[in-house]
Amino acid sequence: MTVPEKQKIYKKVLANGLTVLVRPNHIIPKVSIQLWYNVGSKDEKSNEKGIAHLIEHMIFKGTKNLTESDINMITHKLSGYCNAFTSYDYTGYLFDFPSHHWQEAMPIMADCMQNCTFKEEFLASEMKAVIQELKMYKDNYTSSLVEEMISTIFVDHPYHYPIIGFKQDLWSLKREALINFYKKHYIPNNATLVVVGDVEPQDVFAQAEKSFGSIKPDQNYKKDKYYYNPDIISKTVTMYRDVQQPAVILSYVLPGAASKNDYLYDVLSWVLGLGKGSRLHQLLVDELQLATDVEAFSYDLFDYAPFFIYFQPKKAEEIETIIKLIEKEISYLIENGLTSEEILRASKQAEAQYLALLEDNQKQAYVIGQSFIATGDENFLFNYLDFPQEKINVSIKNLLKNYFKSSVMHKGVILPLAEQDKEYWQQLQEQSDALDAKILSNVKRVAPVEKGQHVHTIEILKPKNFVFPRGQKIELPNGLKVCFYQNTNIPKIELILSMPGKHYYDPDLMQGLNSFMCAVMLEGTKNYNAAELAQAIESRGMSMSVTPGRVSMSMLSRDFEIGLELLLEVLTRATFNEKSIEKVRSQIIVELKNYWDDPSAFVGQLSRDQVYKNHPYRKKTFGDIPTIESIQKKDLVEAYQKFITPRNSVLSIVGDLNGYDVKKVLEKKLGAWHGPEIKPIAFPPLEPINHYEINYKINRDQVVLAFVGQSVSRLDKDFDKLLLFDQIFSGGVLGSMSSRLFALREESGLFYTVGGSLLSNADEQPGMVFVKTIVSLDRLKEAETALKKAINEASTYLDEHELQEAKNALANSLVDNFATNRNIASTMLFLERYGLPDDFFDNRAQEYAEISAQEILAAAKKVLDINKMVTIRIGRV
């Protein structure tokens with residue numbers, strides 16, 4: 001098949017209408033296989049709300065040929081990953097496999113297209129998990145607000161209904177309804193198969209024909225058309241929740257993804273609210289300091305695309321003032337258009353994001369599938385950057401003029417719950433819990449989880465040979481060690497600088513000092529004020545982030561030298577002016593409020609508090625509000641002079657370095673950087689833990705339940721043993737749905753999500769055992785009992801098959817360390833940090849293979865003991 005040079009996608013339509021799209025990408029021996037159905041929640045009838053999403057869950061619960069456990073077990077056996085997703089417009093299923101196993105995905109997908117059984121007893125446990133998922137999403141208030149706004153805006157369009165449905169809809173869904181919806185929409189002529197990775201197109205087409213070719217299409221299938229009647233109307237949604245920090249979202253309705261305006265919407269996002277150089281950030285955050293954060297983004301729904309402007313006001317009383325300023329800025333753009341600098345900045349950022357996408361098989365397959373279903377253009381992704389630059393200005397002006405009128409602007413607000421309403425809010429939650437318990441008590445699963453059958457017929461093949469990249473090393477006269485690797489896959493360069501001064505070097509009474517200092521470093525230097533620095537970075541498609549002990553940069557290859565100049569500017573010439581310090585102080589305080597409003601986030605800090613009681617690792621990365629309020633300019637400057645140093649630091653550089661003499665360039669651009677040597681911390685041993693419990697009260701729909709204990713360091717003799725057992729117990733590197741914790745979810749439907757790690761935070765110092773779930777209050781005791789039992793019994797047995805699969809999974813995941821430039825840069829830093837040899841990865845698979853089951857169980861027994869762990873509950877407890 002002859003394919004034009006510019007065409008990146010190979011396409012074939014089978015006789016039954018199934019479209020197959022292939023994008024070869026041979027960077028690493030991995031493949032993403034995705035099956036997209038052109039059906040989503042918008043296609044549900046009035047008595048089917050939530051059914052598209054529920055079917056997505058049930059697809060994995062067995063077919064006429066596969067048991068309930070087969071898909072997860074096959075995926076795990078072949079060192080793969082599987083998942084699914086449902087949108088308003090589409091439903092998709094994905095498998096990521098090593099390239100020697102990719103063919104195994106297609107027979108499974110084909111079987112699921114026609115033979116799913118939707119057994120009532122399995123529906124019972126999955127229904128409970130979906131209800132837990134619904135409650136979990138309700139605790140994500142920003143997402144909930146977006147969903148409420150979409151529902152309010154599209155009152156006469158199916159987007160009005162949430163994807164997951166309402167509880168009352170889910171309770172009434174029966175097996176027959178699922179089968180009818182499935183049989184109607186899950187047909188080859190309503191599906192697209194997307195394969196991206198280490199494959200040859202003709203092999204994919206042959207396998208697709210073999211697996212799907214015999215499935216009959218429905219020649220009478222037709223998609224319904226849906227209408228939305230625009231009106232000159234502005235709607236407001238106000239949510240009151242038990243939070244400290246208000247948030248506001250403005251929304252405008254634009255033409256949907258089918259209009260092929262993605263590039264314009266991305267440019268508009270960068271102009272209005274993405275990045276420090278955007279108009280609204282410079283106005284609201286930098287100049288007037290009325291807001292601490294602002295963002296702009298669009299939802300690429302197929303029929304209509306809501307465009308959102310999000311901001312966090314410093315004060316709720318200033319919300320209307322901020323909105324008027326945003327409207328004024330939009331009016332100015334309609335009248336005067338964009339500057340050439342704005343267009344350059346936005347187009348360069350779009351180019352950088354596009355190039356990064358080309359390194360990721362799964363994300364690339366997702367965009368190809370989504371854009372093809374929306375537009376019918378298989379090459380839409382690869383024509384993304386072809387928008388005529390000379391037409392951007394007039395196109396953006398027209399877009400704003402036609403769709404960004406004040407009279408059609410919708411507003412969503414999250415406000416702190418008034419004190420007098422808190423009791424009523426709790427009553428509503430308790431009523432909801434009671435109703436759930438009553439209804440779901442009649443939804444019981446008696447049958448045990450089916451054991452795998454077809455999985456035992458699957459043969460494990462020998463992995464492809466992969467030559468692990470090895471970088472070069474140099475050291476500059478200023479003491480900076482450098483690792484670099486030439487990788488010409490895309491014309492970009494990733495740079496990561498690792499320095500010794502991490503957050504745990506903060507003084508006890510000034511926790512958050514390093515984070516504060518790092519944030520101010522990007523707020524201006526001797527040669528650039530904050531706006532000029534943002535423009536210098538972002539107008540070249542660069543990005544730069546600074547966190548304690550780490551600076552990351554991404555740049556186009558042609559900008560390597562200017563990138564290093566800007567890096568030196570930030571490392572050596574930050575000015576720390578008072579206005580910037582106060583601005584950043586306000587931002588951190590808001591971030592802290594948001595952090596402590598999110599139980600899934602701060603459970604990590606509560607866990608570290610228990611494990612690292614008198615150890616520096618207990619220190620809060622961002623401090624707390626009193627310490628941030630107490631830090632002065634002199635403290636920040638002293639920290640800058642002390643911790644930003646090349647001594648014992650490592651710079652890792654990976655990308656297209658063609659034409660550069662790396663050593664000469666670095667000596668020229670970074671040779672002037674000097675700094676002191678940081679005295680290493682003398683870490684104390686960890687104090688033993690005896691079991692106790694912590695209840696942290698916060699008003700949320702669900703409870704975050706966690707168990708935390710001590711583990712081992714990265715160089716401990718038991719590390720690899722626990723790494724293998726972590727794969728079995730919690731899912732490990734693959735996030736496997738065939739883990740023991742996930743099996744508990746399958747059996748009981750107790751929770752939607754459960755996971756953790758036996759090696760969380762492990763580095764030179766011991767890490768943590770961390771197990772976490774999110775569960776409704778009415779099922780908390782049941783979940784706690786089940787998880788304690790799972791933890792205590794985990795180290796009492798180890799099946800030889802699950803051990804071998806864990807070894808295979810870890811061995812096959814080694815190539816992921818080299819999938820992208822950033823991954824390679826991080827991997828080289830890892831080797832340097834722990835003094836590991838250049839051939840470290842060459843021997844890993846063999847090292848895993850030599851570890852015995854007895855050794856693993858002995859190591860697991862030391863750390864998996866509920867009597868040596870702390871139970872943490874966060875919620876209405």
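# A tour starting from strand β16

Select E494 and S554: in β16, S554 is the bridge partner of E494. This is a predicted model, and the tour moves outward from this pair.

**The sheet around β16**

Now select the whole sheet to which β16 belongs. This open sheet has six strands in the order β12-β13-β17-β14-β16-β15, and its pairing is mixed. β12 (472-475) and β15 are the edge strands; each has a single partner strand, so one side of each is left without a neighbour in the sheet. Ignoring direction, neighbouring strands of this sheet are turned by 15 degrees against each other on average. Add helix α28, residues 821-833, to the selection. Helix α28 packs on the sheet and touches β12, β13 (481-486), β14, β16 and β17 (650-655). The direction of α28 makes about 150 degrees with that of β17.

Strands in a sheet are held in pairs by backbone hydrogen bonds, and the pairing is either parallel or antiparallel. Look at both neighbours of β16 with this in mind.

- Select β14 (residues 492-498). β14 and β16 run antiparallel and are joined by seven bridges. In one further pair to pick out, L495 has M553 of β16 as its bridge partner.
- Select β15 (residues 543-547). β15 and β16 also run antiparallel, with five bridges joining them. Here S543 has S554 of β16 as its bridge partner.

S554 thus appears twice on this stop: it is the bridge partner of E494 and of S543. Next, go to the turn between β15 and β16. These strands form a hairpin with two residues between them, and G549 takes a positive phi near 80 degrees there.

Is β16 enclosed or open to the outside? Show the surface around residues 550-556. Six of the seven residues of β16 are buried, so the strand is largely enclosed by the rest of the structure.

**A second sheet**

Move to the start of the chain and select the sheet with the order β1-β2-β6-β3-β5-β4. This sheet is open, has six strands and shows mixed pairing. Its edge strands are β1 (10-13) and β4 (81-86), each pairing on one side only. From one strand to the next, the twist averages 15 degrees.

Two pairs of strands can be viewed here. Select β2 (residues 19-24) with β6 (residues 191-197): they pair in the parallel sense over six bridges. Within this pair, L21 has V194 of β6 as its bridge partner. Then select β4 with β5 (residues 91-98), which pair in the antiparallel sense over six bridges. Y81 stands opposite D96 in β5. Between β4 and β5 are four residues, and the two strands form a hairpin.

**A helix**

Select helix α12, residues 340-357. It has 18 residues. From first C-alpha to last, α12 reaches 26 Å, close to the 26 Å expected at 1.5 Å a residue. Colour the buried residues of α12, among them I343, A346, A350, Y354 and L357. E342, R345 and E351 are also among the buried residues of this helix. An α-helix has 3.6 residues a turn, so residues three or four places apart point the same way.

**Two loop residues**

Select K216, in the loop between α8 (201-212) and β7 (236-241). Is K216 buried or exposed? K216 has a relative accessible area of 71%, and because this is over the 50% cut-off, it counts as exposed. For a distance, add E832: the C-alpha atoms of K216 and E832 are separated by 56 Å, and the two residues are 616 apart along the chain.

Now select S795, in the loop between α26 (780-793) and α27 (800-813). At 11% relative accessibility, S795 is under the 20% cut-off and therefore counts as buried. What does S795 touch, leaving aside its neighbours within four places in sequence? S795 is in contact with F725, L857, A860, K861 and L864.

**The whole chain**

Zoom out. The chain holds 30 helices and 22 strands, and 59% of its 877 residues count as buried. The C-alpha trace spans about 70 × 70 × 70 Å along its principal axes. A compact globule of 877 residues would have a radius of gyration near 29 Å, and the 27 Å of the chain agrees with that. Of the contacts with a separation of 6 or more, 83% come from residues 24 or more positions apart. The accessible surface of the chain is about 35,400 Å², and 50% of it belongs to carbon and sulfur atoms.

Technical notes. Residues are numbered from 1 along each chain as its sequence is written. This is a predicted model: local features need pLDDT of at least 70, side-chain atom pairs count only at pLDDT 80 or more; totals for chains, interfaces and linings use all residues. Side-chain values use heavy atoms; hydrogens and water are left out. Two strands pair if DSSP finds at least two bridges between them. Axes are lines fitted to C-alpha atoms, for helices over the stretch in contact, and angles run from 0 to 180 degrees between N-to-C directions. The expected span of a helix is 1.5 Å times one less than its number of residues. Buried means under 20% relative accessible area, exposed over 50%, partly exposed in between (1.4 Å probe, protein chains only). The radius of gyration is taken over C-alpha atoms; the globule rule is 2.2 Å times the number of residues to the power 0.38. Contact means heavy atoms within 4.5 Å. Accessible areas come from the Shrake-Rupley method with a 1.4 Å probe; for residues, only the protein chains shown count as cover.
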